[in-house]
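The following exercises are to be worked through with the sequence and the coordinates at hand. Each task is followed by a solution in steps.

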Amino acid sequence: WEPVVGLEIHAQISSNSKLFSGSQVQFAAPPNSLVSFFDASLPGTLPVLNRRCVEAAVMTGLALNCSINKKSLFDRKHYFYADLPAGYQITQQRVPIAVNGSLSYSLCVDNKMSQMVTKTVRIKQIQLEQDSGKSLHDDTRSQTLVDLNRAGVGLMEVVMEPDMCCGEEAAAAVRELQLILQTLGSSQAVMAEGQLRVDANVSVHHPGEPYGVRTEVKNINSIRFLAKAVDYEIQRQIEELESGGTILNETRAFDAKLGCTVPMRDKEGKQDYRFMPEPNLPPLILYDAKSLPANMNHQQVVNIDLIHERLPDLPSVKRAKLVERYGILPEHSFTLLNEDGLTEFFENVVKQTQMKPKKVIGWILNDLLSYLKQHSLTVKESPVSSFLLADLLNLLEKKEISSTAAKHVLAELWKGERKTPLEIVKEKKLELIQDQKELEQICQAVIDGQENEVMAIKAGNLKVLNKLIGLVQRETRGRSNPVVVKQLLEKKLSQ
Amino acid sequence: MRALRLGRWLRAGGLPVPVPPARAVLTAPGASPAPVPPRPTWQRGEPRPPPQQKVTVEVLDHLEHLALVDFRDAEGVERLQKAIQFADQLRDVNTDGVEPMDSVLEDRCLYLRDDDVTEGNCTNELLKNAREKVEEYFVAPPGNIPLPKLEERETFLQSS
């Protein structure tokens, strides 16, 4: 069975005001307080296009390698729903603002992050459209409460071709798109706040045969759930077809609690949206350096070339730069970019320590990140600052403490008691023993007490040496440098 | 506002006030302008051939669903038939090689607004339009109540 997954993603544009009106865009405001007469679709109101939304869409189109249509058109998509007061949504169905792009994303081949594969998904188009309001269903009183604060907010709909084949690919593609949007600033793309909404189109077929009937899966609220929903739906369709059933071309909702998809109540049969050109809006014309007319008001011009010049480094470029500059592995760069603020933290530590970045990254990803995850903290909330960690790593670099001792110190630092690493080292007496004679005495004592092991080593079994080193470490309570101990033991044993 | 000011300026002697062009008066002077005639007052020259297909019940039902209209009776359906015939006259025009025009605004500039917050904060005014409200929310029926299927509806189409 070959599953086929396509995605329709709606990203809320990060702007002060809405797409066609001057009311504010804000999450969680008193109901119906951010609504203008146009948003409420009162008669006599007209749409006026927000320049910032156009620029956001062009930026996104350029970042996704799309061709930007210098002339794009607006249309009306009609359907009845309480949260769509006009009875239609203004969108771009015939000629959208950007078409034919691509998005590259990476997947781990196995779950260990040791090998990454790059895949590409084609972007069919990006279009500007209006968001609808919010409906709160009150089933007990058999009514729906409607809040129009979100009605009219600008959305970029990114339509991806069905180039993906499983939940993991879909999740990775969306994650990469999310990072790109956040880097560009065109959308904050926080799924939990509804700024990024994903609908998945899923079908299965046998290789070589035509595509199967597809279903649309909605109500997916996080990237994790996206992977689950897609995989569940693929499985459901396979089971249904294998038991002789058929797949209906329907819309299903993902139930996060049950982990399954269920048919949606309101979508009966195929909708006829009666698309028609939006009569109140002329075509949207974009310019580039060549086509820029001489005497036009700058405020009225959107210059594609200018936007292109001002594009920031995309995530893939940032990762490549990190790998090149610090000599870390590509998988590491992924983890750094994936965690909000982690790259900055890492770079700050590197600046303040003599330890090589390749070693620092281990402390960042293994120790710092796992601690943060265990306690559900973000990098910004870390009780250990980059300054403290750099301080600790310096002590380690200067060989004043062993790495085991460093881990102890870090555990102390997590408590956030505002002690410096040096203070903790002194307090807990974790310094490495620098006195050569003391070390020699301890080594000699261990050798004297382990006759069998000594004989085994002299007979050629060198692995037993590690046991002796371990005993010395225990004796010194972790305050000996294993490399030095090994040298001393070897010297003594060869005498 | 601008038009009023212009008028005032003109009357103040800025320029001679333009005289509105003479209009043909169809009714007696003093009477209100002619109302919309109750029946078409002219028809196209040659009688058109009858349309190939009559509008089917399925199509009518589909239209009733989509646009939430009710064709009521035979006259309503006949009016629809005539409207389709009327619109079909457009097919007589040869449009080969001509770009479709979808808006008379097509050569106008689309005005781009700055991204400033200039509207909103009129919850009370908006809610004045609502028949029912709950704590500043509009109240609507639960979801879309689907129009019953043709068999279950009591409309003219049922009996046609």
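**Exercise 1. Determine how confident the predictor is in chain B, and where its confidence is lowest and highest.**

Step 1. The model is a predicted one, and chain B has an average pLDDT of 73. A score of at least 70 is reached by 62% of the residues of chain B.

Step 2. Within chain B, the lowest confidence belongs to helix α1 (residues 2–11), with a mean of 49, and the highest to strand β1 (residues 112–113), at 95.

Step 3. Residues 1–5 of chain B have a pLDDT below 50, and this stretch makes zero contacts beyond near neighbours in sequence. Residues 13–17 of chain B also fall below 50, but that stretch has five such contacts in the model.

Step 4. Where pLDDT is low, predicted coordinates should not be read in detail.

**Exercise 2. Describe the interface between chain A and chain B by its contacts, buried area and salt bridges.**

Step 1. On the side of chain A, 55 residues are in contact with 40 residues of chain B.

Step 2. About 4,000 Å² is buried between the two chains, and carbon and sulfur atoms contribute 57% of that area.

Step 3. The number of salt bridges between chain A and chain B is zero. For the model as a whole, the scores are ipTM 0.77 and pTM 0.80.

**Exercise 3. Establish which residues of helix α5 of chain A are buried and how they are arranged around the helix.**

Step 1. Helix α5(A) comprises 12 residues, 315–326. From first C-alpha to last it reaches 16 Å, close to the 16 Å expected at 1.5 Å a residue.

Step 2. With under 20% relative accessible area as the criterion for burial, the buried residues of α5(A) are P315(A), R319(A), L322(A) and Y326(A).

Step 3. Viewed down the axis of α5(A), these buried residues fall within an arc of 65°, so they line one face of the helix. In an α-helix there are 3.6 residues a turn, so residues three or four places apart point the same way.

Step 4. The cover over the buried residues of α5(A) includes α2, α6, α7 and α8 of chain A. The face turned away from the buried side carries the exposed residues E324(A) and R325(A).

Step 5. Just after α5(A), G327(A) adopts a positive phi of about 70°.

**Exercise 4. Compare the surroundings of three salt bridges in chain A, beginning with that of R252(A) and E233(A).**

Step 1. The closest N and O atoms of R252(A) and E233(A) are 3.6 Å apart. R252(A) is in strand β14 and E233(A) in helix α3 of chain A, 19 residues apart. R252(A) is buried at 6% relative accessibility, and E233(A) is buried at 0%.

Step 2. R325(A) and E347(A) meet in a salt bridge of 3.8 Å, N to O. R325(A) lies in helix α5 and E347(A) in helix α7 of chain A, so the pair ties together parts 22 residues apart in sequence. R325(A) is exposed at 64%, whereas E347(A) is partly exposed at 24%.

Step 3. E339(A) pairs with K373(A), with closest N and O atoms 3.0 Å apart. The pair links the loop between α6 and α7 to helix α8 of chain A across 34 residues. E339(A) is partly exposed at 21%, and K373(A) is partly exposed at 48%.

Step 4. Shared partners join E233(A), R236(A), E250(A) and R252(A) into one network of salt bridges.

Technical notes. Residues numbered from 1 in each chain as written. Chains lettered and ligands numbered in written order. Predicted model: local features only at pLDDT ≥ 70, side-chain atom pairs only at ≥ 80, totals over all residues. Heavy atoms only, no water. Helix = DSSP H or I, 4+ residues; strand = E, 2+ residues; numbered from the N terminus. Expected span 1.5 Å × (residues − 1). Buried < 20%, exposed > 50% of the residue type's maximum accessible area, 1.4 Å probe, protein only. Arc of directions from axis to C-beta. Contact = heavy atoms within 4.5 Å. pLDDT = per-residue confidence, 0-100. Buried area = accessible area lost by both parts, 1.4 Å probe. Salt bridge = Lys/Arg side-chain N within 4 Å of Asp/Glu carboxyl O.
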